Amino acid sequence: MRPARKVMTSWQLWGTIFVVPYLLIFLVFVIYPVGYGLWLARHPDSYERLFADPIFFRTVINTVIFVVVSVNLKMILALGLSGFFLHTRWWVKVLSVIFILPWAVPSIPTILSMRFMLNPEWGVINALIFRMTGMDGPNWLNDPTLALSFSMLAHIWKSLPFWTLILLAGRMAIPAEQYEAASVDGASMWQKFRFITWPSMRSLYLTSTILSMIWTLGDFNSVYLLTGGGPADLTHVLATLGIRYLRLDQVDLSLASIVVALPLVLPLVYFMMKRLSK
């Protein structure tokens, strides 16, 4: 006797209809470009030329500095500000609306406006310095250290509201009764944070930090729109180095510079998925 054929239910049919376009888009715009890029970057000569370029090692150092400083400052500030915005006073709510604006507005006009402000000739900052002191201000983006520092500042300013909201949601999930009981026992603010807030938010904070590191490694706008990798290609990070090689018509080096970033990204993705699985 032949087994009866299984017939798809209406829910399964509609699920298949909705999933197939997503799978096609994923294959065409994700799998194929990534696979083709890895195929183009398969030649060992590309990596020998890449490692022989002194700009590459400067870029790796810049990337490490950019990620370590930006992520730590951003998450520490977000943790502190999440406690501030937890208050229910009306003026705190007004400040929270203003605070979230940098994250809500597009990156291109906001970072380009910051670049305009730092212009040494007609920028707002140097104009204020000249008006107050009678002296010309520095060429902010012509110094590699200052340029990279302002790129990190732009990144922190742009993404800080998002992570503050994430940690604020974590704080709001902590039962208020725990803080009330601690107050009755005479606990200080630091003791409340140490024994109630941090144990409750530690997992969220660490997971957010790992995810922030992944996104920061791929942050293209903060560096490219503000400094363009200059001066003299000394402020490039791995997310922007590929554009430098594309401008020099070196596509193989551009793709190789992306591939060498995978050893930094993949372990972070692994640890984040491992934490989420728990």
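A residue counts as buried when its relative accessible area is under 20%, and as exposed when that area is over 50%. By this criterion, 35% of the 278 residues of the protein chain are buried. The model described here is predicted.

## Overall architecture

The protein chain contains 13 helices and 0 strands. Read from the N terminus, its elements therefore run α-α-α-α-α-α-α-α-α-α-α-α-α, each of them being a helix as defined by DSSP runs. The radius of gyration is 24 Å, whereas the globule rule gives 19 Å for 278 residues, so the protein chain is more spread out than a compact globule. Along the principal axes, the C-alpha atoms fill a box of roughly 100 × 70 × 30 Å.

Contacts across the sequence may be considered next. Among the contacts in the protein chain with a separation of 6 or more, 71% are between residues 24 or more positions apart.

The surface and the charges complete this general description. The accessible surface of the protein chain comes to about 17,700 Å², and 71% of that surface belongs to carbon and sulfur atoms. The protein chain carries 21 positive and 13 negative charges, and the mean positions of these two groups are 14 Å apart.

## Helix α11 and the loops beside it

Helix α11 covers residues 238–247, and its buried residues are Leu-238, Thr-240, Leu-241, Gly-242, Arg-244 and Tyr-245. Against which elements do the buried residues of α11 pack? They pack against α2 (44–52), α3 (54–84), α10 (221–224), α12 (251–259) and α13 (262–277).

The loop between α10 and α11 holds Pro-231. A cis peptide bond, with omega about 5°, joins Gly-230 and Pro-231. The loop between α10 and α11 also holds Ala-232, a residue other than glycine whose phi has a positive value near 55°. On the other side, α11 is followed by Asp-249, which is found in the loop between α11 and α12. Phi of Asp-249 is likewise positive, near 60°.

These features merit attention for a general reason. Most residues other than glycine have a negative phi, and most peptide bonds are trans.

## Four residues by accessibility

The table sets out two loop residues and two helix residues.

| Residue | Place | Relative accessible area | State |
|---|---|---|---|
| Ala-232 | loop between α10 and α11 | 62% | exposed |
| Asp-249 | loop between α11 and α12 | 66% | exposed |
| Asn-62 | helix α3 | 3% | buried |
| Leu-217 | helix α9 | 15% | buried |

Why does Asn-62 count as buried? Its relative accessible area is 3%, and the limit for a buried residue is under 20%, so Asn-62 meets the criterion. Leaving aside its neighbours within four places in sequence, Asn-62 is in contact with Leu-148, Leu-234, Thr-235, His-236 and Val-237.

Leu-217 lies in helix α9, which spans residues 189–217. With a relative accessible area of 15%, Leu-217 is also buried. Which residues does Leu-217 touch, not counting those up to four places away in sequence? They are Thr-63, Val-67, Ala-239, Leu-264, Val-265 and Leu-268. Leu-217 and Ala-261 are 44 residues apart along the chain, and their C-alpha atoms are separated by 8.5 Å.

Key: Residues numbered from 1 in each chain as written. Predicted model: local features only at pLDDT ≥ 70, side-chain atom pairs only at ≥ 80, totals over all residues. Heavy atoms only, no water. Helix = DSSP H or I, 4+ residues; strand = E, 2+ residues; numbered from the N terminus. Rg over C-alpha atoms; globule rule 2.2 N^0.38 Å. Buried < 20%, exposed > 50% of the residue type's maximum accessible area, 1.4 Å probe, protein only. Contact = heavy atoms within 4.5 Å. Areas by Shrake-Rupley, 256 points an atom, 1.4 Å probe, with all protein chains shown as cover. Lys, Arg positive; Asp, Glu negative; His and termini not counted. Charge placed at Lys NZ, Arg CZ, Asp CG, Glu CD.
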